[in-house]
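User: I would like a brisk walk through this fold. Please keep the reasoning explicit.

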Amino acid sequence: MTERLTEHFGEKYIRIKGCKSLYENAERKSAPAANVIVRLAAYEDIGLLPDEIKVAQKTSRMETLKDRDAELERLWAEFGDVPMNPETECMDEPFLGFPAGTHREDIWHWFDERHTLGVAYLLNGQSAKGLNPLMLWKDDFVQEHAWDTICEALGVNTSSTEVEVKCIVCVAK
């Protein structure tokens, strides 16, 4: 997403791009400037941008998935206010560490990976009260391949013995 400011030279050295000076890839006493470069390289190695680190810090302190989902839903509402080019579907302004020009579906994937009900839930706007639990047990399936098929469709390990699915029930007339 964002260009790195540092680069590694083997395991032992780091430098700031465009500079000739090399710094040891380890923090040292009485070398505060070098330590800043070492830490910057470590943050860049993680691959998170500063805004993503702030979100990660907030979400890591949350006590429950419900709290995390609530925070993600708040961020989703903010995302809805970010201007987007309707022809390219790319964002006109940065959002959560995603630079301007990022395609909206890339940001949707970020939300989809983090919200327990996924981006479909966020897009659909269904109330959590409309979700019904459905418990499935492996022992209830006469044919094992039917269990395997359901697990694969849900993205669940087929060795699981029970699965709880939260779903919106729609009845066709």
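User: In the protein chain, what share of the contacts with a separation of 6 or more comes from residues 24 or more positions apart?

Analyst: This is a predicted model. Contacts in the protein chain are taken here at a separation of 6 or more. Residues 24 or more positions apart supply 39% of them.

User: How many helices and strands does the protein chain have, and in which pattern?

Analyst: The protein chain holds six helices and seven strands. Along the sequence, they follow the pattern β-β-β-α-α-α-β-β-α-α-β-α-β.

User: What percentage of the residues count as buried?

Analyst: Buried means under 20% relative accessible area. The protein chain has 173 residues, and the buried share is 24%.

User: What supplies the exposed area of the protein chain, and at what percentage?

Analyst: The protein chain exposes about 12200 Å². Carbon and sulfur atoms contribute 53%.

User: In which order do the three strands of the open sheet stand?

Analyst: β1 and β2 pair in the antiparallel sense over four bridges. β2 and β3 also run antiparallel, joined by two bridges. The open sheet therefore has β1 (6–9) and β3 (23–24) at its edges, each with a single partner strand. The order is β1-β2-β3.

User: Which residue in β2 is the bridge partner of H8, and which residue in β3 stands opposite it?

Analyst: The bridge partner of H8 in β2 is I14. Opposite I14 in β3 stands Y23.

User: Which residues take a positive phi in the two hairpins?

Analyst: The hairpin of β1 and β2 has three residues between the strands, and G10 there has a positive phi near 65°. The hairpin of β2 and β3 has six residues between them. In its turn, a positive phi of about 90° belongs to G18.

User: Is Y13 buried, partly exposed or exposed?

Analyst: Y13 lies in strand β2 (residues 13–16), and its bridge partner in β3 is E24. Y13 also joins F9 and L22 in a nonpolar surface patch of about 260 Å². Its relative accessibility is 31%, so Y13 counts as partly exposed.

User: Why do the buried residues of helix α4 lie on the same side, and what arc do they cover?

Analyst: The buried residues of α4 (residues 104–114) are R104, I107, W108, W110 and F111. An α-helix has 3.6 residues a turn, so residues three or four places apart point the same way. The buried residues of α4 are on the same side because they cover an arc around the axis of only 155°.

Definitions and conventions. Residues are numbered from 1 along each chain as its sequence is written. This is a predicted model: local features need pLDDT of at least 70, side-chain atom pairs count only at pLDDT 80 or more; totals for chains, interfaces and linings use all residues. Side-chain values use heavy atoms; hydrogens and water are left out. Buried means under 20% relative accessible area, exposed over 50%, partly exposed in between (1.4 Å probe, protein chains only). The arc is that of the directions from the helix axis to the C-beta atoms. Patches are made of residues with over 30% relative accessible area and no salt bridge: like charges are joined within 9 Å, nonpolar side chains (Val, Leu, Ile, Met, Phe, Trp, Tyr) within 5 Å. Accessible areas come from the Shrake-Rupley method with a 1.4 Å probe; for residues, only the protein chains shown count as cover. A salt bridge is a side-chain nitrogen of Lys or Arg within 4 Å of a carboxyl oxygen of Asp or Glu. Contact means heavy atoms within 4.5 Å. Two strands pair if DSSP finds at least two bridges between them.
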